Amino acid sequence: MPTHRLETDYLVIGCGAAGMAFADALITDSDADVVMVDRRHAPGGHWQEAYPFVRLHQPSAYYGVNSLPLGTDTIDDVGPNRGMYEQAGAPEICAYYDRVMRRRLLASGSVRYFPMSEYVGGHRFVSRVAADRYEVTIRKALVDATYLEPAVPATFAPPFDVAPAVRCVPVNALARVAEPAERYVVIGAGKTAMDASLWLLQMGVPPDAVRWIKPREAWLRNRWFAQGGELVGNLIDGLARQMEAAAQATSTDDLFARLEASEQLLRVDERVTPTMYKGPTASTAELAQLRRIDDVVRLGHVRRIARDEIVLDHGTIGTGPDHLHVHCAAPGLNPAPAVPIFEEGRITLQPIRTGLIPFNAALVGFVEATGRDLAEKNRLCPPNRLPDVPLDWIRGTLVETSAEYAWSKEPDMADWLERSRLNTSRGLRHRADRPLVREATRRFGTHVRPALANLTGLLDDARRAA
């Protein structure tokens, strides 16, 4: 087995959204040499295994890498995303990342790319298809872009037993179904299950032919307030509403009631208190469609599917051989513990702003390129663990707001934020005289300090009570 020896400034493990955005930002603002390693055949990370009808949670305009636009930056005028910026789907995103690798990263001469290669530790990786081993001398840092890799149904076995006679498919196979089922049983409570249910309804499946096994209810972010560009007023208005709710809340329950009343958080079933928050977005039109499904089973998680019954944590329901069970029960986002983003000889990519994986990774790439010392880099880039439960809304808001304040005091970061395509608030200063922007900015400024103080108290109270 031949061994090859490489030397580089940065060895990046993972060519998904985070790794690609980091590398793009790093080589834009430095003369770094980068080696990128990925176990998949093509760049794009989990998008290579995504179900075909999935779309971004955020506008295409703010996804990908800074140097190459994704989509056409248009506002949809039909469908459940009407009035908001377009959202790319999985095929478009995979093709986009292929262009980024070929036309931007490799073409720069600063990046070498090794697909179908497995990192085995110790600055070594091996080819998955050839008898080649590589040992890498790293001058600056190993970059772990896989620390928060999500678990998706295509690569995550169902967390329940399935009898041989049962028709059960991962959500990826749903679009390849050859004949109608008597009933579609969607298993899962997260955004994947919502997407599967919406797709079935859009394909003409009657709502009463869909059963939704939903172990818990989720809070969702209202996509209307996650816009930028010409709709940046929506974004700032949303932030102002959040600070108003946070400043006035008397308890965590009251906080979430206020966030819902101000249209910042949504839920499909308003009769059920959410116990999950992973930060996905939804439109009110999508919620209206999901509410057409009446057969919602709330008996906990599925434990076993037999030929004629489904066994759950808290009961058993019937099923049949003509029912198609759709596995949407993979964990999804990875709420791994936050660790320092910058360590000596190592960078572990994680969010700073809640969600927005490409933006966060690009910002880390830029900060690394500035040559700041370790303590200063970590001060500007505090890790913000991916959310899982409602209390994480409070924690995440405190982390990102503190970070935003620190960025505003650094002239080079303020300049980078203004030119970063991935920054949803880019161009805000040029639209500051618009009535909605001006008024929302005033409201945000009035409430942000008392809001942060109150959120800190609420979080402390919740931790003491836990």
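**Close-up views of two sheets and two helix pairs**

**View 1. Strands S9 and S10 are parallel partners joined by four bridges.** The model shown here and in the other views is predicted. Within this pair, Tyr184 has Val210 in S10 as its bridge partner. The side chains of S10 alternate: Val210 and Trp212 point one way, whereas Arg211 and Ile213 point the other way. All four of these residues, Val210, Arg211, Trp212 and Ile213, are buried.

**View 2. The open sheet that holds S9 and S10 has five strands with parallel pairing.** The strand order is S8-S18-S9-S10-S14. Strand S8 (168–170) and strand S14 (296–297) are at the edges; each has a single partner strand, so one side of each lacks a neighbour in the sheet. Helix H3, residues 191–202, packs on this sheet and touches S9 (183–187) as well as S10. The direction of H3 makes about 160° with that of S9.

**View 3. At one edge of the five-stranded sheet, strand S10 pairs with S14.** S10 covers residues 210–213, and two bridges link it to S14 in the parallel sense. Which residue of S14 is the bridge partner of Ile213? The partner is Val297. Ile213 itself is buried and points the same way from S10 as Arg211.

**View 4. A second open sheet contains four strands in the order S7-S15-S16-S17.** The pairing in this sheet is mixed. Its edge strands are S7 and S17 (315–318), and each of them pairs on one side only. Strand S7 (residues 161–162) runs parallel to strand S15 (residues 302–305), with two bridges between them. One bridge partner pair here is Asp161 with Arg304 in S15.

**View 5. Strands S15 and S16 make a hairpin.** Three residues lie between the two strands. S16 spans residues 309–312 and runs antiparallel to S15, to which three bridges join it. Val302 stands opposite Leu312 in S16. S16 is also antiparallel to S17, and four bridges join these two strands. In that pair, Val311 stands opposite Thr316 in S17.

**View 6. Helix H4 packs against helix H11 at an angle of about 30°.** H4 comprises residues 232–248 and H11 residues 435–465, and their axes are 7 Å apart. The crossing of H4 with H11 is left-handed. The contact between H4 and H11 consists of 15 nonpolar, six polar and four charged residues.

**View 7. Helix H9 packs against H11 at an angle of about 135°.** H9 covers residues 391–408, and the axes of H9 and H11 are 10 Å apart. This angle makes H9 oblique to H11. The two helices, H9 and H11, cross in the left-handed sense. On the H9 side, the contact involves Leu391, Trp393, Ile394, Arg395, Thr397, Leu398 and Thr401. These meet Val448, Leu452, Leu455, Thr456, Leu458, Leu459, Ala462 and Arg463 of H11. By class, the residues in the contact of H9 with H11 are 10 nonpolar, three polar and two charged.

Conventions: Residues are numbered from 1 along each chain as its sequence is written. This is a predicted model: local features need pLDDT of at least 70, side-chain atom pairs count only at pLDDT 80 or more; totals for chains, interfaces and linings use all residues. Side-chain values use heavy atoms; hydrogens and water are left out. Two strands pair if DSSP finds at least two bridges between them. Contact means heavy atoms within 4.5 Å. Axes are lines fitted to C-alpha atoms, for helices over the stretch in contact, and angles run from 0 to 180 degrees between N-to-C directions. A crossing is left-handed if the near helix is turned anticlockwise from the far one by less than a right angle, and right-handed if clockwise. Ala, Val, Leu, Ile, Met, Phe, Trp, Tyr, Cys and Pro count as nonpolar, Asp, Glu, Lys and Arg as charged, and the others, Gly among them, as polar. Angles under 35 degrees count as roughly parallel, over 145 as roughly antiparallel, 65 to 115 as roughly perpendicular and the rest as oblique. Buried means under 20% relative accessible area, exposed over 50%, partly exposed in between (1.4 Å probe, protein chains only).
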